[in-house]
Amino acid sequence: MQAVLRCARSTVLASIPDSWSNLVALPALCKQVHMSSGLAAWSGHNTPMRWPNYNKTIFPPQELTEERRLAYVCHMKTNIKYSPWKMWYIACLVRGLSVDEALKQLSFVLKKGATAVKDTIQEAQEMAVAKHNVEFKSNLWVAESFVGKGHVVKGVRRHARGRVGKVEYFHCHYFVRLEEGTPPDHYYYHNRPKLLVSAELEELGRLEGIFQCRRPLPLLQLRPASLVSPQCIQDWHDGREFDDTGTVA
């Protein structure tokens with residue numbers, strides 16, 4: 001075995017030019033060889049680059065009569081050593097909140113990813129004031145907050161009796177977009193108040209398609225759906241008038 005190692009060392013040294021023989025030795029060459037795939041997580045191979053380009057968008061000049069265009073800033077933090085599935089819950093928490101409220105809520109979240117999200121929002125807040133013509137740093141709200149899957153480092157875990165198992169170390173990317181102004185009352189569409197008078201009217205509209213008509217219902221909306229006959233609905237579609245009792249006048 002020692003003869004084989006001696007032969008390999010002499011072969012490597014023979015391949016080195018004479019000008020390098022005094023500077024480079026075999027241990028130095030071995031240090032330059034990296035066999036770990038974990039280094040690829042920070043090599044920038046899968047790092048997203050398009051999200052910050054939205055900050056470079058140039059808009060046409062506005063007229064004097066036009067409403068001022070609100071500023072925005074896009075920022076991200078890449079290759080966070082955290083599961084993207086766990087980070088998703090934290091990203092959903094701050095959507096639609098003001099910057100001050102989002103930072104306040106993240107201060108009480110006892111998760112590792114909350115620190116990365118908080119730092120990203122603070123960096124975006126400073127960028128908005130310094131580079132994007134935002135006068136007050138508190139006059140911002142989280143318009144977009146989402147997570148992307150990053151590099152996955154795969155390794156081997158040793159088990160008993162010579163068995164091995166696969167282990168995966170996940171990384172994630174966090175993206176945020178802050179907009180100038182006050183946040184909306186209802187960020188999600190399903191949380192907005194429905195334009196319905198009652199539950200009976202909702203059921204009646206689902207069955208008969210009344211909501212597609214623009215003619216308002218007189219007293220049918222006050223009556224239970226079980227008491228509204230199909231003939232009454234047809235009379236309403238035909239444009240007939242109803243009296244106070246809900247019958248055709």
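## Rings, strands and charges

Let's begin with the rings: the structure holds nine aromatic pairs, where rings of Phe, Tyr and Trp (its six-membered ring) pair if their centres lie within 6.5 Å, with planes under 30 degrees apart counted as stacked, over 60 as edge-to-face and the rest as tilted. One of them joins phenylalanine 59 and tyrosine 72 edge-to-face, at 6.4 Å centre to centre and with 80 degrees between the planes. Phenylalanine 59 sits in the loop between helix H2 (26-31) and strand S1 (72-80), while tyrosine 72 belongs to S1, so this pair ties together parts that are 13 residues apart in sequence. Tyrosine 187 and tyrosine 188 also meet edge-to-face, with centres 5.1 Å apart and planes at 90 degrees. Ring pairs also link Trp51, Tyr54, Phe146 and Phe175 into a cluster.

A word on the model itself: it is predicted, so local features need pLDDT of at least 70 and side-chain atom pairs count only at pLDDT 80 or more, while totals for chains, interfaces and linings use all residues. Residues are numbered from 1 along each chain as its sequence is written, and side-chain values use heavy atoms, leaving out hydrogens and water.

Now for the fold. The chain has seven helices and three strands, taken as DSSP runs numbered from the N terminus (helices H or I, at least four residues; strands E, at least two). Along the sequence they follow the pattern α-α-β-α-α-α-β-β-α-α. Of the 249 residues, 30% are buried; buried means under 20% relative accessible area, exposed over 50%, and partly exposed in between (1.4 Å probe, protein chains only).

Strand S3 (residues 164-180) is a good place to look next. Here 12 of the 17 residues are buried, so S3 is largely enclosed by the rest of the structure. S3 runs antiparallel to S1, joined by seven bridges, where two strands pair if DSSP finds at least two bridges between them. In this pairing, isoleucine 80 has cysteine 172 in S3 as its bridge partner. S3 also pairs with strand S2 (residues 140-158), again in the antiparallel sense, over 16 bridges, and there valine 152 is matched with phenylalanine 170 of S3. S2 and S3 form a hairpin with five residues between them, and arginine 161 in the turn has a positive phi of about 60 degrees.

The charged side chains bring us back to these strands. The whole structure contains six salt bridges, each a side-chain nitrogen of Lys or Arg within 4 Å of a carboxyl oxygen of Asp or Glu. Arginine 177 forms one with glutamate 144, the closest N and O atoms being 2.8 Å apart. Arginine 177 lies in S3 and glutamate 144 in S2, so the pair ties together parts that are 33 residues apart in sequence. At 16% relative accessibility, arginine 177 counts as buried, whereas glutamate 144, at 26%, counts as partly exposed. Arginine 177 also forms a salt bridge with glutamate 179, with 2.3 Å between the closest N and O atoms. Shared partners join Glu144, Arg177 and Glu179 into one network.

A helix offers another example: lysine 104 and glutamate 101 form a salt bridge with their closest N and O atoms 4.0 Å apart. Both lie in helix H4 (residues 99-106), three residues apart, about one turn of the helix.
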